[in-house]
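Hi,

Here is the structure I said I would pass on. Have a look at it first, and then read my notes below.

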Amino acid sequence: MVLLILTTTALSITVGSRDISLETVWQALTAFDPTNTEHLLIRQSRIPRALIAVVVGLALGTAGTIMQSLTRNPLAEPGLLGINSGAAAAIAVGISFFGIVSVSGYLVLGLIGAAIASALVFLLGGVRRGTNPVRLVLSGAALTAVLSALTQIVLLNSPENVYDRYRHWMVGSLAGRGTDVLVAVTVLVALGLVMAYTLSRSLDVVSLGEDAGRALGASPNRVWMTAGLVVVVLAGAATAGAGPIVFLGLAAPHLARLIVGVDHRWLLLYSAAIAAVIITCADVLGRVLAPPAEVPVGIMVAIIGGPFFIALVRRRKLVHL
């Protein structure tokens with residue numbers, strides 16, 4: 001999986017709507033010339049974009065695994081906590097009322113919106129009264145509907161240019177993401193990944209059920225709160241940085257279970273790696289499919305991954321949760 005990630009990352013740096021030779025790519029990495037436009041393109045655009053794709057994939061794959069394990073729901077993904085809708089609402093408000101147009105501004109707004117929405121989901125789901133996956137999922141669905149409606153109200157009553165800016169983020173794209181976004185997202189995702197891996201044993205226990213978890217010495221409430229925070233950090237950072245990327249958090253854990261089973265020590269690692277490979281490949285294909293225009297990575301992930309996942313479900317028996 002590490003070799004696959006390295007290969008797809010190198011492919012992302014090399015391939016694009018503009019043809020650049022492998023020799024030029026190597027020179028940009030080893031003998032950078034700031035007066036060479038192709039070197040600048042590689043250093044300031046393609047490298048950050050490729051690395052952000054990997055980081056976003058790692059985050060969404062891990063977050064999806066945690067959500068499916070906590071809720072014991074094979075269709076669970078990070079959006080159940082209202083992360084996508086919260087980030088979208090915050091960014092729509094920021095663009096409409098405060099005139100924020102920078103990608104770094106979207107990152108801050110997205111993180112704030114994702115955190116607030118997730119906190120509301122936990123409060124509405126009554127986590128203090130015990131961990132009930134059904135109650136939490138229903139709360140997330142209800143809040144998502146409300147936030148989506150509020151976002152539409154804001155957009156419908158805003159100038160046309162506000163909607164144009166918003167839709168470029170909403171489709172899920174890695175274009176225009178620079179080093180500033182890469183650094184911010186990477187720091188948050190690295191923190192979330194470390195926290196997630198420390199939960200691997202607890203997730204093995206809690207995924208058996210609340211009663212079984214208590215019998216084996218785990219505290220379901222504590223695991224839920226910690227894991228929920230991890231999901232917010234991972235999926236919130238990924239969504240804020242690249243926009244809503246659907247499907248990855250749903251499919252990657254299932255593909256990983258086919259390879260390594262249900263042990264979270266390996267499942268978390270493989271889910272993260274698989275998601276990173278999928279999103280990087282999708283981004284490369286989106287750049288070369290209809291040059292010089294680009295198909296946003298969020299659309300490409302759905303187009304490529306959806307039919308593949310359906311075929312996998314029909315032909316092979318997925319591991320039950």
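To start you off: leaving aside its neighbours within four places in sequence, which residues is Tyr270 in contact with? The model is a predicted one, by the way, so please read everything here with that in mind.

The residues in contact with Tyr270 are Met1, Ala256, Ile259 and Val260. Met1 is the one that caught my eye: 269 residues separate it from Tyr270 in sequence, yet their C-alpha atoms are 7.5 Å apart in space. Tyr270 itself sits in helix 13, and its relative accessibility of 25% makes it partly exposed.

Next, helix 8. This helix has 20 residues, 179-198, and at 1.5 Å a residue they should span 28 Å; the C-alpha atoms at its two ends are 29 Å apart, so the expectation and the model agree. Its buried residues are Val181, Leu182, Val185, Val189, Gly192 and Ala196. Because they cover an arc of only 115° around the axis, they are on the same side of helix 8. The general rule behind such a pattern is that an α-helix has 3.6 residues a turn, so residues three or four places apart point the same way. On the face turned away from the buried side, helix 8 carries the exposed residues Val187, Val194 and Thr198. As for what the buried residues of helix 8 pack against, that is helix 3 (37-71), helix 5 (103-124), helix 9 (200-206), helix 11 (220-242) and helix 13 (264-288).

Helix 2 (residues 22-30) can be read in a similar way. Thr24, Val25 and Ala28 are its buried residues, and their arc of only 100° around the axis puts them on the same side of helix 2. Leu22, Glu23 and Trp26 are exposed, on the face turned away from that buried side. Helix 1 (2-14) and helix 3 are among what covers the buried residues of helix 2.

Last, a crossing. The axes of helix 3 and helix 12 (residues 248-260) come within 7 Å and cross at roughly 80°, so helix 3 is roughly perpendicular to helix 12. From helix 3, the contact uses Leu60, Gly61, Gly64, Thr65, Gln68 and Ser69. Helix 12 brings Leu248, Gly249, Leu250, Ala252, Pro253, His254 and Arg257. Sorted by class, this contact has 5 nonpolar, 7 polar and 1 charged residues.

Cheers

Terms used
Residues are numbered from 1 along each chain as its sequence is written. This is a predicted model: local features need pLDDT of at least 70, side-chain atom pairs count only at pLDDT 80 or more; totals for chains, interfaces and linings use all residues. Side-chain values use heavy atoms; hydrogens and water are left out. Helices (H or I, at least four residues) and strands (E, at least two) are DSSP runs, numbered from the N terminus. The expected span of a helix is 1.5 Å times one less than its number of residues. Buried means under 20% relative accessible area, exposed over 50%, partly exposed in between (1.4 Å probe, protein chains only). The arc is that of the directions from the helix axis to the C-beta atoms. Contact means heavy atoms within 4.5 Å. Axes are lines fitted to C-alpha atoms, for helices over the stretch in contact, and angles run from 0 to 180 degrees between N-to-C directions. Angles under 35 degrees count as roughly parallel, over 145 as roughly antiparallel, 65 to 115 as roughly perpendicular and the rest as oblique. Ala, Val, Leu, Ile, Met, Phe, Trp, Tyr, Cys and Pro count as nonpolar, Asp, Glu, Lys and Arg as charged, and the others, Gly among them, as polar.
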